[in-house]
Every structure is written in C-alpha cells, then in structure tokens.
Amino acid sequence: MRVGVVVFPGSNCDRDALHAARLAGAEAVPLWHETPDLRGAGLVILPGGFAYGDYLRAGVLARFSPIMAAVRDHAARGGLVLGICNGFQVLAEAGLVPGALLRNASLRFEHRWVRLSVERRDTPFTRAVPEGMLLRMPVAHGEGCYYLPDADLDRLEASGQVLFRYAAPEGNPNGSLHDIAGVLDAGGRVCGLMPHPERAAEALLGSDDGLLLLRSVVESTADGIPRVSAPR
Amino acid sequence: MSASEAPRVIPAAAVPLHRQLGVTDFELDEIRARLGRDPNDLELAMFSVMWSEHCSYKSSKVLLRTLPTAGPDVVAGPGENAGVVSIGDGLAVAFKLESHNHPSAVEPYQGAATGVGGILRDIFTMGARPIAVLDGLKFGDPAAPRTRHLVRGVVRGVGGYGNCVGVPTIGGELVFHPSYGGNPLVNVMAVGLLEERHLTRAVAPGPGNLAVLFGSATGRDGIGGASVLASATFGEDDPSKRPSVQVGDPFAEKLLIEASLELIQRGLVEGLQDLGAAGITCAVSETADRAGTGILVDLDAIPRREEGMAPFEVMISESQERMLAIVRPQRLDEVVEVCGRWGVPAAVIGRVTDDGLVTVVTGGVDDRGMPRPATEVLAAIPAAALTSDAIVYDRPAQHPTHRRLAPAPGAPESASDHLPVRGMDPGAVLRGLLGSPNLGSRAWVTTQYDATVGSDTVEASERAAGILRIKGTSKGLACATDAVAGVGAFDPYLGAALAVAECSRNVLVTGARPLGVTNCLNFGDPEKPEAFWQLSEAVRGVGDACRALGLPVTGGNVSLYNESPDGRIVPTAQIGVVGVLDDVERRVTPRFRQAGDIVVLLGEAVPGLAGSEYAALAGSAVEERLPSLDLAREAALQAMILAAARAGVLASAQDVGGGGLAVALAECAMWGGVGARLSLRVSAEPAVELFGESPSRIVVTVRPADLPRLAALAAEHGIPLEPLGEVGGDRLQIELVGGGAAGAAEERGANVADALDCALAALRHAWEQALPRALGDDEFTPPPGDG
Amino acid sequence: MASFRYAVSVMPKPGILDPQGRAVEQSLPHLGVDSVHAVRVGRRVELTIDAAGETDARAVAERLAGELFANPLIETWSVELVSAASSVRSAGPA
C-alpha cells in the first residue's frame, strides 16, 4: 500500500504524516504540489500546516494548486483521501467534503489533547478501531470550528457522514457544531478531520491511538481489494 | 509610504548627522581613524548600525570574553550564529537564546513574532533544522491593562509564528515582576538538529564567489529597528525611536528554511548568513571579515519592495525573512533552481573580493561581477572596521550605593525576616502560591502554542525541561530556560549563578547530561555605572557557575538599555541549557508515579527568603536574607542526580524552585494525579523549609526497594538525604516536626505552623485558575488532567 | 483597454457565528460605548482589473469574489467599483 503525502508550500505536518504512514506499515512518498501526479498512491493525505500561508482564508489557495486536480480525480475514481487539520480545510474549500471550518469560538489558536468518539467502524479509516474506544490525539489550529447550515447538518447526520466527534472529558475545543471533529464525503472515501492522528502514532509521544486510522486504511487495502461500505 | 515621506539622512540644522544616528563625537573620530578619511553619509549610516550596542556588543564584549567557552562537546561556540554541540552518532544540536524586547514593547504581536523568526534563522543558517522553541517572557503587573495587552500580543505572536513555521514550542517561562512594567522582556530560545557534516558557517570565502540574496524583497520596514531601538533607552513619547515595525511572514520563513536546508544538504553554498539587525550591511561585513575577504555589493541588484529607496535604506533595512548565501559561480544555476522550486526569489547582489573591503557600488556590474566603467562607488569600508575591529568600551562599573550580597555559606544568620509564621496555615499559603501569577498553570499560554508538531515532543512542560526524541536513535534532548529575577533584583551575581544552576538542574533531573549553555543578558543602560556593574556582576555569576558545573557557554545575546520612564528592569540573566538523554525511554519526569513510592528530599534548605515568591506573597523579606549558593555542593548534587537517573533508581524527580519544596511537591502530585503523606523536619522558621527557594535541592521518588541505592549514591556524593514519606491518596499532607511545628512549639508561642493538608483537587483548582484570573480572562477553559 | 479598481467586501452570512464581531461588541463597554450592536467583522479586498469595459471587468471581479475571496457556504460578498482610468500610457515624458 502506497501512501502519498501532498507537500504544499507551507505544509508543516508532511514529514509527520510520512513518518506515521511508515509506522503503519505503508510505503510513504511525498507529492509535490506543482506536479499533478499521485505516484500510484492508494491513499492521499493532505497534511496539516499553513498551505500558502493560509492567507485569505485557511485552505482556499491550496485548492487551486495543480495537484488538487489529481486529488479530485483520485476521489472521483473511488480513491482514498485523508485531510488532516489544514488538509481538512483544503478539502472543505475544494468541496470534497461538506462543511466549512470557522475561527475557533475562543478566537485563539488551540493546542490541546482531545478525545474522539468514533461514530462508525465500517469505514476504510476506522475499521481497525476497537468497539467503544475513544481516540486520544492533539488538536492544533486556529480555524477548526465545524459549520454547516442546519438543514445540511441534519442531512449529514442522517447519511452517516459524521465520523468523529469530540468527547469528554476534554470536550469540544473549538465550538464545532454537534461536536464534529471529522466527516466523510458522500461516497465514504474522502475523510477530513481537525485532530492530528499522525502525531499520535507512538506511545512515547503520548498516544498511539492515531495509528489505528492509518492502519485501518493500510489493512483495508493490503490485499488490493478495498473493502468499503458506502455510508448509509 | 510615498517617496516624499521617506526618511532621509538629512541633518537638522543644529545637530550633526553622526549624532542623529547615535554616533558620538568620540566614535566619529574612531571611524575617521579606521578609514583614514571622513566617512560619507552612507558609510556613516552603515557604521552607526554596526557600531550600535545591539550589533557590536561594544559595552559587553570585554565581559563576555571572561566566560568559559571550551568543552568536549562544543562544535561551534560564540561568534557564530548559534552554538553547536555534538550529541554523538554524527549528530549535533544548534541552540541559542535571543531577545526581542524593544520591538515587542512597540508592537507586541509583530515584535514577538519576528523575534521567533530571527532566532529560527540563526539556527537553520548553521545547517540545522529547527526542532523546538522555548520562550522566556517577563512582564509587569498582570492586572495592568497595558500588561494584559502586551501579554496577549506577545503570546499570540510567539504562537502565530512558531505554529505556522511548524516548530513546536515546548517550554519556557512567564514571569511577572513590577520592574518589567514599562519594558517587557521577550527572550526566545531555539533548538535545531543537524548532521555534523552539514555544519555551515557564516563566512564569505573565495574571491570570485557570488553573493546571493534570497528570500523576501527589501523594503523600508525596520530601518534601524532592532539595532537602534535595542541600543537606546525606550522612552514613551519619543517617536524618533519608533521606526516602522518589522512585520513577520512565517510562511516566507518556512519556505526559506526548506530552501536553505536543501542548499546546505546538496553542498551548494560556501557560507550562509541570515539578515537580522543592520540587514545587508551586517551580513556582508561579518561574512567577509570572518573569512578575511571583502565583498562588493551592487546596490542596483538588490530586489526591493518599495520605490525610491535611498542607498542607506537599502543597506540597513531590517526587512525580515532574507538570507545571504556565498556561492561558487558554477553552482549558481542549481542555487537558483532550488530557490525557485521553493518559491523563494534569489538575486546575485555582488561577489567576494580579496581587498578586505565592503564596497557598495551603483551603476552595475558585468557578468563576472566586475564593476562596469561607469560604476560609482558609494561606500568602501574595511569589513573589520564594521565588525571585529568595531569600537569596544571598557565602561566604568560602580556598586549601587544600596547594595546587598548573600551571606557566605556557613556565615551566622542575622535576625528575623519578619514573616508571618505565628499560627500560619501552610495549606492556605500553598494554595495562595499555586494561585499566584508566577506559579500558577501556564495552560493559558501553552494552549496557544503548538507543542506537538514535528512528532518529536515527548514532554512539553511549563515548570520543567521540555523533552524531544531524536528520530532514528534512542536519544532524547532535554531543553530548559530559566532566569531568577527575584534574587537578581538584590544581587545580580547570585541571580545569574542561580539561573545557571537551576536551568542545568532542570535538564539534569530528566536524566539528561547538560552539554552547553546559552544566555540572554537583559540589563539597563550600560553608560550608567550602576547598570554596568549589574551586567558585569551577572556575567561573573554566569562564568563562575558554568566553570563550577563544567558547562561551556556556546553563545548568546545581550540586550541593554532596558529602561523606561518607570525605571530600569531588574538584572535578568536568562539562561538556556540543552542536554542529551542516551535513552529517551528512560527519561525521568516530575510526576509522582505510584502509591507506595518513597518521597525523598536531596539537599537541604538554607535560610534566606528574600526574592522568593513566598516573600512576594507575604509582604517582603529583608534583603540581607538571600539564599546562598554553594557551587561545589550544587556540582555534587548534579553529579549525584545524573548517576541516580542513569542507574534507573528514580521514579520521578523535580527541581525545588519557585515557591520552594511545598510547591514542587504539589506539582509532582497534581501532575501525577496522586497525593502523598509526608513528614518534614522544620526549624524555628517553617517557611524556610516549606516555601524557601534555597538552591541545590531536588525532590525525588523511588520504589522502596531502591531507597538504599539512592542513599548510597547520596552518601558517595556527600548529599544530605531526607526520606519524607510515601506517595498515595488524593491529598498532599505534610506533617511538620521540630522547632517550628505547632505540636512541638505551641507552648513557646512563636514561629509555629500547623500541618499542611490539602486535597489535590483544591490545589489543582487554585493552580489552574491563577493565570486566567490574573489576566482577567474568565472565558478560558483549562485542559483537564494534564500537567 | 482601461483599468478598473474594485473593492470586494466579504462578510459572514447572517446567522453565522461571528466570534470576532462578538468580541468587538463585548469590548465596547470598556470604551464607554453602549449604543452599538450587531457588529460583524468581514474582509475587504481591493484589486485592479485591465479590461475593455466595465462589464468585462466586473465579471472578472464577481467571479473571483465567488470562487476565491468568499466561501459561499459561510460568506456573502459585494463588488464595488472604486475608480476607473485609461491604462494607455503616454509615450513622452509625463
């Protein structure tokens, strides 16, 4: 299983994502933003950081970079895409996952360890997560308040596209509606989340819960036949 | 700014230009002597920034020469952009502390942000990838609206830059003291990791090589900013001391880091220098002088952001995020390609010469970098005259008329501190200390800093060392920064020596071996003999402590003129220490581990409460009663704790620092989530043992079976050892025995204290609420559970 | 060809939580101002477009506003012409 990690100018978690993907047993390669070539990656990760400085609006400028056309095609063909933090913002700006990430309700950058409930375990991103387990990992962002208009939010919930929610005791760090920390696209193949699973890939660093997400993907496609169920 | 509003070097009628630029008549004569003629206006402007205190260290050089700089692990010492120490396996660590005090007072967000940017450039200029930031912040009364404005802006600025660049902020300290009210201190320490073979120096060797400027274009921002601002007392209503603020662009810096490291790793540069204070002038003169060469700069080739810039503006602009590379001509295409791929503009602005001069020309150079016939020479100054041969002062130092020193070790103690101990409730005092602005939780700050980017952060800590692992090895790095302003206020020598001892102790208690020291010396106007005396005493203190502990000083920074209309700051020697852990899995943390572990105090309290947080809370202690520091005993304690950590004896360890033993124990308990039942011998003044900050003490826990080994190590090193009790429960209970305990001394009617008994939840509540309450932020939600 | 300078104002949609606006509003009592409400904080982008006429230029500005400057899910925008000038430069000295 090959994992490609997109490097935008200003990405700063690309090396973390490459490192974690290797720990999960994948072959991991960087993908340069100017080259619309995914190098045969089965999973494309849009990493955290401040792509293009996050100037104008977080994620918006990255959406126009050449590699995003390839990512779009990959997703349209049923390929797997994982957007983490800034990568989630890019996916949302590109319309590849629903919603928008507003400034944190506190108006501050928030670096905290949070706990995530996993709403579904039948997705390529969560199938290795044990039933009932809460995942501990850090958030680090200034604009992570998940927003959708009410009616769209109801549809999102009804279609099973909410994948992760912030859970007690740490709770919701940014004011996200419905405590939403991560969502799927309608096809269940593209996932965006604000917390950083790639920084929670080793017990030495405080948690290896995040590795479960990457291992889910690596294991679900290890035999070359992605086993995926579409959202409800 | 339109061209017509642009600053010009035009002297007002009565004041000669050199004085307007801050150059004294005496210094002008010195400049004439070095040039053998009068300088022209451009040359004078270049001298004025290079001979500023900030760039020349003209007042502190004679003192800094006395510091020990040699050590077995030192790869690069003072004089380079950052110190570099070896950690084995072909790897090395670059680290340095630097101040951005005055810019932060003018514009806290940008001042702090560009401070982070500047120190990061010092690190990656050496060929090291920045892996950690620590901040040493000092402010005045937290209740004052101006302080709150500064704290909010500075913390946002440190975070805003570090978070975006992707370097974790893993530690530091935030201290409030009234003397910083008009002049906050923003000291930032950066740490980087490099392969030793990639060590790069800021030199311009090889006449004929090209000088390539890459990064942001040059604008008028920060003209004379850091250099002039940081070299004069900061007045509230002096617009002439407020040049345009430097604005940081962390996105540009991130690209600069990647481009620079790729250039270095591919061997494409002969030398690399970042542009900071005094801009291009500083970069070209320092690199040329270090290499014994000269540099010819083609003014017209320098990319600019604004039109109509005067030559002096281009030459001394402090626009951020710029680098100077020295490149062999045949590698130029590759350099341009690398910069282009990272979106970083690059331009050849000159070439290395063999004449020892910094020459500035206009009218162009040809393809080989040679001046064209019509070229006009605007400036020609010996590079050394701007740097290594710049003016040096041996300033007069004078003891303040009102001056106290700590008692010599063993000297008889004078009388009472007049501290309220009769009927004292130590639990209430402990809650008060934990709830005070200086000792409460720093979560309000640290939640604004990305501490985990980079996937190397093992521990990010507010009151202990931060720990990183080194990928691909079993090793770890422990980093800490400390100052002891409370004591430094009374005795700058002792304050500086204590800071070295405390900072290295904070690194040692993790089990790491300290490798070197960086420092940032924040003092007042060196032209005032009392302020210069404070500086000289502090340097003596740093030197004595480093020699006693076997630590080399590998670099640092001096920030003078830290005065405001409200007065001078207290002498503040900010110290940074980096140490190496051979096995990061075996690191020791302050957290109590498990019930039944034995709590042990290593070292013993000596009288002296002056300068302590307890004294600040209780009123004030007379200043004769400063804690003494016995450097030989400190060295013995440090050797012992390192041996104990390596032997795997320690379950936890915490330095006894601000707030004394009781606060250290409370931290171990709160962070570990488990209490302790203890018993402490106290003298006639229980506050000394409970809350005194006398140095050379560490509180550790061991498994019961390991106590004999710990005792043997203590005996071997001659360290007093006192088992206090055991870990367990959800309260911190300290029964007092001896002269000052209520039970023993009730009948005597003086100087007695009751037992300390506090629920951890109550301690945690006081600790968590301290800083948000002090800063008037009632919306902050502290993170649960974490230390 | 001529040059048209536009100002694009981007505002949070009505109903979208605007923490910046709320923070501004909450700080007003400190200034002794209690008559202000409904503060919203947005963003203004100014740009110059070379085009044959205002209609063409405005089409470009509107497109950029909708696709780049604003996120239609959360923001509204308006495009305002600030100035227009002939971009033909005279050959001789000004």
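The following paragraphs describe the interface between chain A and chain B, and then the surroundings of one residue of chain A, in a predicted model.

In this model, 29 residues of chain A are in contact with 38 residues of chain B. The size of an interface is often given as the accessible area lost when the parts come together. Between chain A and chain B the buried area comes to about 2,600 Å², with carbon and sulfur atoms giving 55% of it. On the side of chain A, Arg108(A), His111(A) and Leu204(A) supply 24% of the area that this chain buries against chain B, which is more than any other three residues.

Polar interactions also cross the interface, where 14 residue pairs, both members at pLDDT 80 or more, are found in polar contact. The count of salt bridges between chain A and chain B is 2; in one that involves Arg199(A), the partner is Asp450(B), and the closest N and O atoms lie 2.7 Å apart. The elements that give two or more residues to the side of chain A touching chain B are α1 (14-23), β6 (110-118) and β7 (135-141) of chain A, and the largest share, 4 residues, comes from β6(A). By residue type, this side of chain A divides into 13 nonpolar, 6 polar and 10 charged residues.

Within chain A, Ser176(A) is placed in the loop between β9 (162-167) and β10 (180-184). Because its relative accessible area is 4%, under the 20% limit, Ser176(A) is classed as buried. When residues up to four places away in sequence are not counted, Ser176(A) touches Gly144(A), Cys145(A), Tyr146(A) and Tyr166(A).

Key: Residues numbered from 1 in each chain as written. Chains lettered and ligands numbered in written order. Predicted model: local features only at pLDDT ≥ 70, side-chain atom pairs only at ≥ 80, totals over all residues. Heavy atoms only, no water. Contact = heavy atoms within 4.5 Å. Buried area = accessible area lost by both parts, 1.4 Å probe. Salt bridge = Lys/Arg side-chain N within 4 Å of Asp/Glu carboxyl O. Polar contact = N/O pair within 3.5 Å; in protein donor to acceptor, adjacent residues only side chain to side chain. Nonpolar A, V, L, I, M, F, W, Y, C, P; charged D, E, K, R; others polar. Buried < 20%, exposed > 50% of the residue type's maximum accessible area, 1.4 Å probe, protein only.
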